[in-house]
Amino acid sequence: MVKVWYEPPPYGPGTSLNRPSYGHQAGGSQLIQQLSRRPQGLLIAGACVGMAALAYIPVMARENLPFTLSPEYLAAQRAYMRYHNMNPE
């Protein structure tokens with residue numbers, strides 16, 4: 001059996017000169033580097049708003065929606081839940 005000795009970089013990741021640092025490397029995508037420098041809260045909020053906008057496109061178009069979004073189906077589901085004493089909201 002061979003023992004492997006791990007020696008971490010002297011002052012944390014990215015300080016060793018003979019090994020690459022963790023995370024994105026220099027010379028990578030400019031977009032990734034710019035996004036990584038922005039405040040995280042703003043970036044996460046922007047991503048959530050973008051995904052919500054993408055998810056709303058089919059609802060806005062009202063074409064080929066699933067049958068579970070029809071008003072009759074929703075009314076029947078709420079009536080079933082009321083009959084069985086389940087709070088629908």
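Q: In this predicted model, which helix has the highest mean pLDDT among the elements of the protein chain?
A: Let's start with confidence. At the low end sits helix H1 (residues 30-37), with the lowest mean pLDDT among the elements, 80. At the other end, with a mean of 90, is helix H2 (residues 40-61).

Q: What is the mean pLDDT of the protein chain?
A: Here we look at the whole chain rather than its elements. A pLDDT of 70 or more is reached by 76% of the residues. The mean for the protein chain comes out at 80.

Q: What pattern does the protein chain follow along the sequence?
A: Count up the secondary structure and you get three helices and zero strands. Read along the sequence, that gives α-α-α.

Q: How many Å apart are the end C-alpha atoms of helix H3?
A: Helix H3 covers residues 71-83, which is 13 residues. At 1.5 Å a residue, the helix should span 18 Å. The model agrees with that, since the end C-alpha atoms are apart by 18 Å.

Q: Which residue with a positive phi follows H3?
A: Go just past the helix and look at the backbone. The phi there is near 55°. The residue is asparagine 85.

Q: Is tyrosine 56 buried, exposed or partly exposed?
A: You'll find tyrosine 56 in helix H2. Buried would need under 20% relative accessible area, and exposed over 50%. Tyrosine 56 has 48% relative accessibility, so the label is partly exposed.

Q: About how much accessible area does the nonpolar surface patch have together?
A: Tyr56 is one of the patch members, and the others are Met51, Leu54, Ile57, Val59, Met60 and Leu69. Together they have about 710 Å².

Q: What percentage of the residues of the protein chain count as buried?
A: The chain has 89 residues, and its accessible surface comes to about 8,500 Å². Carbon and sulfur atoms hold 63% of that surface. The share of residues that count as buried is 3%.

Q: What kind of aromatic pair do phenylalanine 67 and tyrosine 73 make?
A: The structure holds one aromatic pair. The ring centres of phenylalanine 67 and tyrosine 73 are 5.4 Å apart. Their planes meet at 90°, so the pair is edge-to-face.

Terms used. Residues are numbered from 1 along each chain as its sequence is written. This is a predicted model: local features need pLDDT of at least 70, side-chain atom pairs count only at pLDDT 80 or more; totals for chains, interfaces and linings use all residues. Side-chain values use heavy atoms; hydrogens and water are left out. pLDDT is the predictor's confidence in each residue, from 0 to 100. Helices (H or I, at least four residues) and strands (E, at least two) are DSSP runs, numbered from the N terminus. Patches are made of residues with over 30% relative accessible area and no salt bridge: like charges are joined within 9 Å, nonpolar side chains (Val, Leu, Ile, Met, Phe, Trp, Tyr) within 5 Å. Accessible areas come from the Shrake-Rupley method with a 1.4 Å probe; for residues, only the protein chains shown count as cover. A salt bridge is a side-chain nitrogen of Lys or Arg within 4 Å of a carboxyl oxygen of Asp or Glu. Buried means under 20% relative accessible area, exposed over 50%, partly exposed in between (1.4 Å probe, protein chains only). The expected span of a helix is 1.5 Å times one less than its number of residues. Rings of Phe, Tyr and Trp (its six-membered ring) pair if their centres lie within 6.5 Å; planes under 30 degrees apart count as stacked, over 60 as edge-to-face and the rest as tilted.
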